Amino acid sequence: MRTILTFLLLGCLSAFSNETSAEIYHSLQKVHSLKRVLYLAAHPDDENTRALAWFSLEGKAETAYLSLTRGDGGQNLIGDELSESLGVLRTQELLAARSHDQALQFFTRAVDFGYSKSAEETLDKWGKDEILSDVVRVIRKFKPDVIITRFPPDKRGGHGHHTASAMLAIEAYSKAADPTYETDQVAEFGVWQTDAVYWNTSIWWDKELDEKAEGNSEYIKKDIGGYDPLLGMSYNEIGTIARSQHKCQGFGAVIERGSRVEYFEHLEGTKLKNDFFENNNRSWSTLISADFEREFNLALTNFNFVEPWKNVPLLVRLRNQLSSIYGTPYAGIRDEKITQLNEVILNCLGLHINILTDDYAYVKGEDFEVNLEAINRSGLPVSIVAVNDREISLQLLNNEVVSHSMTVNNTAKLSTPYWLEKEFGTLFQVPKESLIVDAENKPTFNHKLTLSVEGKQFSVTIPVIKKWRDPSYGERQRETISAPDFSVNFDQPTAILQKGTGTTIRLKVHSFKDELNEEIALKAPTGWSVVPANLKLENLKKHQEVWYEVQVKPTQNAANGNLEVLTSIGKSTYAYNEITYDHIPTQVIFQPAKLRCVALDAKIIPGKVAYIKGAGDAVPTAIEQLGFDVSLFEVEDLATIELSNYQTVVMGIRIYNVHPELRNFESKLDTYVKGGGNLIMQYNTASRSGGNEYGPVPFSVTRKRVTEEDAAVTFLAPKHDLLNKPNKITPVDFENWVQERGLYFAGHWDARFDPILSWHAKGEDPQKGALIVAKHGQGRFIYTGISFFRELPNGVEGAYRLFANLLSYKP
Ligand SMILES: [Zn+2]
């Protein structure tokens, strides 16, 4: 449980502390086991961490969670990361969860593109062939006895990604065993016949499940709440701690102890009686030899807890015999077991090894010093006899820190998540086939150390890290990375400007080397002016950051596109982003430096707009970009502001959900509208328990939404000012929207309302409640579930033009 970094760094050996004898013994039991389980679902947080902990720690099965996506499409409760950065954060949260339940983690190339209503839409967007191939790859590589899905393969799954995950599990179950399917994979891993596919159902799906499952051969029922004295915890306790790692999704959980029943319903393959491994007849005798099996059993029965290093000579012998497993099918299992046994041996020796650098970043081609630091806390003499196959001689005597410096040349490529190296849409473009399904990059810098114990040699791989003292925290560590000479970050991702209007953009250059001298060129899209177009970087020191300002302006014939930053020889430069939280290792992302430029052609009737903040959105920035004079207010400010000074008042998204005290100001808002004001309410979520009626003119909010961002639009009131003034809205304005049309549409509304437009997802009824407007006294009230909060920051021009009409609306 303590070797957190071990799991985070892909089985490489580095840890803050060594395991206790009980934990080592537990790990050794797991190395001995040849049972294997694959849990399969769609997102980070779908996995049942309690079941994973039970399979992995009680069952001692090698357990893996395959999450089809990295969760790029969701919200973030703890920070600013969204889309692919959120996917990187959630990948690490999954790995943090796995460090507790001690399962492995896999992914496919599927991008989480947001909510999807059906499996068909989902598979269409991802490309079914690619994702099926990835799922089969995981099965052939990992070789599970059984596959467990979190969702049923039908509509009950709800989210299209969920249903698709179970459908893919069933199809991949057969394909993995088919020698004619993806023959390249067959050559690499062999085919694999999994015994069965089961669905980890629960009474959430079916209230009568417990009675139904009793004595029914379709079901396997297991109490997963047992206590493990070696670990000092029960499996559901470990599972809830694992679940709490999903912090950006707000899944911190109260620790659960005691009995807990889980239900598994048969979906495909063999119907098992009561044990997921009853047909598993793999053994160490057949894989290696009867002698090996006997010795391994001895290592367990005679395990010395008081002087664990006394187990080492036998363990090293076993470890070295593992290499004799050869042939395609079991190569993966061999490598996995060798890594695990290495860790057991190092823990038995109380051996702690760090390979440290002074800085956390080095540029390509640079020479840098690394310092190997090792301590042996055992009664056995240990020596390091080679580093990267080059002989050295370092004696590690009991409890003496030994160090050794080496010079390394950086030949590594840029440190960035492999799945973000290339541009992508709904499928990540992976640079090397061998990386597909890997949870994360291997550490950028690694050293292979050959150790000698009692005349027997074996090798371990140690990542290179930087560690330092943080006075308010203690020791901190991070992976040492390979960086470009410098990075360029803009202070905003997108420049959205009305044609003919200029603005100042700031950009930050971070140097990763000393004496950086370079001239960079800013290449703008057609019709945009950038002044200055070249910047001289002069004599920057390592980690020095310099800010520059440039003026950008779209002319009348400006095209949308990216402003790129090139080096003096025309090469791309990179933006640098770090993701830093206490529950994950620091993540770095290098992506081509660019500023998206959007030239707007949206007319407005200028005036003052008051924006009352809701749950938080970037809509006020967009209102300013359109050319309005916008003032931001908190709900409590409504007590004092004079609303009649504003031509339009806009409420932020989910305002009633986060500020129910807004009810206190409803009469003030009513007076504002009656007196001639224009009040726009953006979406509020509908609660299942009621209380969904809002507004000076009554209407109710529903959970209806349109998730197809290209759903066709029908104008119900084509002559209405909202579709004509000052911008004539046409179907072209509904092109290139992102993720969805809108959500939480109005359901019932007062007869004074006019619905303006209608749309619907494939196979569904028309939705008319996305934009409704009513006359009230001298003024107007608008409710809209259109996803302006998403479309505007993404620079969707049509959304700007429509929103300009809403803001300009004059009763
Ligand atoms: Zn999910």
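Let's start with Arg137, which is buried, with a relative accessible area of 5%. Please keep in mind that we are looking at a predicted model. Arg137 has a partner: it forms a salt bridge with Glu433, and the closest N and O atoms are 3.7 Å apart. Which parts of the chain does this pair tie together? Arg137 lies in helix 6, while Glu433 lies in the loop between strand 15 (402-409) and strand 16 (446-453), so the salt bridge ties together parts that are 296 residues apart in sequence. Glu433 is partly exposed, because its relative accessible area is 49%.

As a little background, side chains of opposite charge can pair when their charged atoms come close. In this model there are 48 salt bridges, and I'd like to show you a few others.

Please find Lys536 and Glu519, whose side chains meet in a salt bridge at 3.8 Å, N to O. Lys536 sits in strand 25 and Glu519 in strand 23 (residues 516-523), so this pair ties together parts that are 17 residues apart in sequence. Is Lys536 buried or exposed? At 55% relative accessibility, Lys536 counts as exposed, whereas Glu519, at 32%, counts as partly exposed.

Another pair is Arg663 and Glu666, with side chains that meet in a salt bridge at 3.1 Å, N to O. Arg663 counts as partly exposed at 37% relative accessibility, and Glu666 counts as partly exposed at 27%.

There is also a network to look at: salt bridges link Arg50, Glu256, Arg260 and Glu262.

Now, on to the metal. Which residues coordinate the zinc ion? They are His43 through ND1, Asp46 through OD and His162 through NE2, at 2.1 Å. Along the chain, these donors follow the spacing H-x2-D-x115-H. His43 lies in the loop between strand 1 (36-41) and helix 3 (49-58), and His162 lies in helix 7, so the two histidines tie together parts that are 119 residues apart in sequence. Both His43 and His162 are buried.

From the zinc site, let's turn to the surface. Asp129, Glu130, Glu182, Asp184 and Glu188 form a negative patch there. Where do these residues come from? Helix 6 (128-142) and helix 8 (183-189) each supply at least two residues of the patch. We met helix 6 a moment ago, as the home of Arg137. Glu182 lies in the loop between helix 7 (160-175) and helix 8. Glu182 counts as partly exposed, because its relative accessibility is 34%.

Next, some details of the backbone. Val531 and Pro532 are joined by a cis peptide bond, with omega at about -5 degrees. You can find Pro532 in the loop between strand 24 (528-531) and strand 25 (534-540). A cis peptide bond also joins Lys725 and Pro726, where omega is about -15 degrees. Pro726 is in the loop between strand 37 (713-715) and strand 38 (746-749).

Lys725 comes up again when we look at Lys810: the C-alpha atoms of Lys810 and Lys725 are separated by 9.5 Å, although the residues are 85 apart along the chain. Lys810 belongs to the segment after helix 19 (797-808). With a relative accessible area of 44%, Lys810 is partly exposed.

Here is another pair of positions to look up. Arg596 and Arg476 are 120 residues apart along the chain, and their C-alpha atoms are separated by 36 Å. Arg596 is found in strand 30 (residues 594-600), and at 33% relative accessibility Arg596 counts as partly exposed.

Last, let's talk about phi angles. What is the phi of Asp389? Asp389 has a positive phi of about 65 degrees, although it is not a glycine. Its place is the loop between strand 13 (382-387) and strand 14 (390-396), and Asp389 counts as exposed at 58% relative accessibility. His543, which is not a glycine either, has a positive phi of about 70 degrees. His543 lies in the loop between strand 25 and strand 26 (545-554). At 27% relative accessibility, His543 counts as partly exposed.

If you take one picture back to your desk, let it be the zinc ion with His43, Asp46 and His162 around it. Thanks for listening!

Notes
Residues are numbered from 1 along each chain as its sequence is written. This is a predicted model: local features need pLDDT of at least 70, side-chain atom pairs count only at pLDDT 80 or more; totals for chains, interfaces and linings use all residues. Side-chain values use heavy atoms; hydrogens and water are left out. Patches are made of residues with over 30% relative accessible area and no salt bridge: like charges are joined within 9 Å, nonpolar side chains (Val, Leu, Ile, Met, Phe, Trp, Tyr) within 5 Å. Accessible areas come from the Shrake-Rupley method with a 1.4 Å probe; for residues, only the protein chains shown count as cover. A salt bridge is a side-chain nitrogen of Lys or Arg within 4 Å of a carboxyl oxygen of Asp or Glu. Lys and Arg count as positive and Asp and Glu as negative; His and the chain ends are not counted. The place of a charge is taken as NZ of Lys, CZ of Arg, CG of Asp or CD of Glu. Helices (H or I, at least four residues) and strands (E, at least two) are DSSP runs, numbered from the N terminus. Buried means under 20% relative accessible area, exposed over 50%, partly exposed in between (1.4 Å probe, protein chains only). Donors are N, O and S atoms within 2.8 Å of the metal (3.2 Å for Na, K and Ca); water is not among the atoms, so sites may look incomplete.
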